Amino acid sequence: MSKRDECSPGKSLRPTIFRPTRREFLLYVGAALTAAACGDDGESAASPEAGPELAGDPFTLGVASGDPLAESVILWTRLAMDPLNGGGMPDERIAVSWEVALDAQFRTIVRSGTERAVPALAHSVHVEATGLAPDTWYWYRFGAGRWTSPTGRTRTLPAADSSPERFVIALASCQNYKDGYYHAHRYLAREDIDLVTFVGDYIYESGVEGNVRDHDGPLIQTLDGYRNRYALYKSDPNLQASHQRAPWVVTWDDHEVRNNYAALNVPGLSAAAARALRAAAYQAYYEHMPLRLTPPDDFADMGLYRALVIGDLAQLHVLDTRQYRDPQPCDGAPGRCPSARDPGRTILGGEQKQWLKDELTTSTALWNVIAQQVVFAPVDFGGSFINPDQWDGYDAERQELIDVFAAHGNLLILTGDIHAGGFARLHAEPRNVESPRIGYEVVGTSIASGGDLGNLGPLADAFRDRHAWVEYINAVKRGYALCTLSRSDLRVEFRTVTTVVEADAELTTDASFTVPRLG
Ligand code: FE
Ligand code: CA
């Protein structure tokens, strides 16, 4: 089939990202690739106009890669000569070349091409580099005019029919720029990992004044505001280094839009205003993340949940617990909140829940990994108070899923949001440790959010003692978690930095656990 045939109008593309079965997923990727190769005007991508000469370095925001498959990976950058002020780019399309090589010196280039960065998408670039070998490290870079980007390293997944011995996922979340420095990213960028999964609060939407560093502007209300905020965060060299280390698989939590929002419920906004805010926020998220996604017609509805297959070792499901959820019970206020147990309340929304159930029911992977936002295990603050923003606020749906998990065990849930580290055992009756164990939850503390806290040791110990299913809690230290999946067990290492408010920090391993694969 010629390129022209593939690009013929009328070929149906799914409007949003894959929420499919594995087979549909592969079909979808093929369609998305065709769309990307066609450009937005149907011209051949092989002969783009050169565009204007750029007076300054447009690669101020670094590079990233993400959503790897066995034979392809998404490569990202965004051109921004004046990143904190709308990007500072001419209001026209700009040709961006890209190269993928087997070595950091680009002696052996295996794939290359040219894309266009368009003003409507803030001159962001999402390239799908295809035809790669499975389970292989690659290096990539971009060019625009006389400028060359930093070099990133990325990796394809093991082939679906292969049997990997191990796979290392780094878990990170919550990087409030105002609360501290990204020392954790500096160390993460040195780890021996296959993948980073970032489970939300990549930016915070709040106003200027910070504890350690200031934000660039007031509470975000507009697309330009979100773009500048991503640019501020991405100007951090440690965050850039972390992206350059390995592919990322990302999802959002609340602060990418507004604190504790639920679907179209944003405090103080009408549903229409909330929808407009969400469209701006989701568009900026798309523009700044290495997502395998065709931009939707309406960014207010941007499907993000998806699954990746890591040989026969693991299947990684990435969830969105914000876009479709019912409002938090009890107005979201921590308390006893009996209505949290009302049946029929949803945190996933019906379609995503059914998709997840179908994926789990058909998965034959040794590990079913779920990367998501809010704490899944029951947490009884103060002995009886719950946080209704967590799965505790959606008790019936949690039990419904647990009943599916129980039949298809080997569950590993990766969680962010709460700015604390934790390791819990998940049970068929989540508060009854005598009931069958169905898996584990790792809560990965925060990169920076919360800053340095004093010693809460006795409080943390009391908390852990009240929760027989909780093995470990770190309420004060920032960092990330490494999860090494093997065919027989899971190793979790909680890496923490000594401070995020000082200009330098050391890395320690706060705790580590090796637990068996169940069943
Ligand atoms: Fe957070
Ligand atoms: Ca959050």
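## The disulfide

A disulfide is a pair of cysteine sulfur atoms within 2.5 Å, and in this predicted model the structure holds 1 disulfide. The two cysteines that take part are C330 and C337, whose sulfur atoms lie 2.2 Å apart, so the pair falls within the 2.5 Å that the definition asks for. Turning about the S-S bond by 105 degrees, the link of C330 and C337 is right-handed.

The two partners can also be described by how much of their surface is accessible. C330 has a relative accessibility of 33% and therefore counts as partly exposed, whereas C337, with a relative accessible area of 5%, is buried. Two further cysteines can be described in this way: C174 is buried, with a relative accessible area of 1%, and C483 is likewise buried, its relative accessible area being 1%.

## The calcium site

Which residues are the protein donors of the calcium ion (ligand 2)? They are D201, D253, D254 and D417, each of them giving an OD atom, and these donors lie 2.3 to 2.7 Å from the ion. Along the sequence, the donor residues of the calcium ion are spaced D-x51-D-D-x162-D, a pattern in which D253 and D254 are the two written side by side.

The pair D201 and D254 links distant parts of the chain, for D201 sits in the loop between β10 (195-198) and α4 (223-234), while D254 sits in the loop between β11 (248-250) and α6 (271-288), 53 residues apart. D201 has a relative accessible area of 1% and is therefore buried, and D254, at 1% relative accessibility, also counts as buried. D201 has a further part to play in the picture, in that D201 bridges the calcium ion (ligand 2) and the iron ion (ligand 1), and these two ions lie 3.8 Å apart.

## The second largest pocket

About 480 Å³ of space lies in the second largest pocket, and 27 residues line this pocket, with F381, I418, A420, F463 and I473 lying nearest its centre. What kinds of residue make up the lining of the second largest pocket? The lining divides into 19 nonpolar, 5 polar and 3 charged residues.

Several elements contribute to this lining, since at least two residues come from each of β16 (421-427), β17 (437-444), α9 (457-466) and β18 (470-474). Among these elements, α9 gives the most to the lining of the second largest pocket, with 5 residues.

Key:
Residues are numbered from 1 along each chain as its sequence is written. Chains are lettered from A and ligands numbered from 1 in the order in which they are written. This is a predicted model: local features need pLDDT of at least 70, side-chain atom pairs count only at pLDDT 80 or more; totals for chains, interfaces and linings use all residues. Side-chain values use heavy atoms; hydrogens and water are left out. Donors are N, O and S atoms within 2.8 Å of the metal (3.2 Å for Na, K and Ca); water is not among the atoms, so sites may look incomplete. Helices (H or I, at least four residues) and strands (E, at least two) are DSSP runs, numbered from the N terminus. Buried means under 20% relative accessible area, exposed over 50%, partly exposed in between (1.4 Å probe, protein chains only). On a 1 Å grid over the protein atoms alone, a cavity is a set of points where a 1.4 Å probe fits but cannot get out, and a pocket is an open set with protein on both sides within 12 Å along at least five of seven lines; lining residues have an atom within 4 Å of a point. Grid points are joined across faces, edges and corners, and a volume is the space filled by probe spheres set on the points. Ala, Val, Leu, Ile, Met, Phe, Trp, Tyr, Cys and Pro count as nonpolar, Asp, Glu, Lys and Arg as charged, and the others, Gly among them, as polar.
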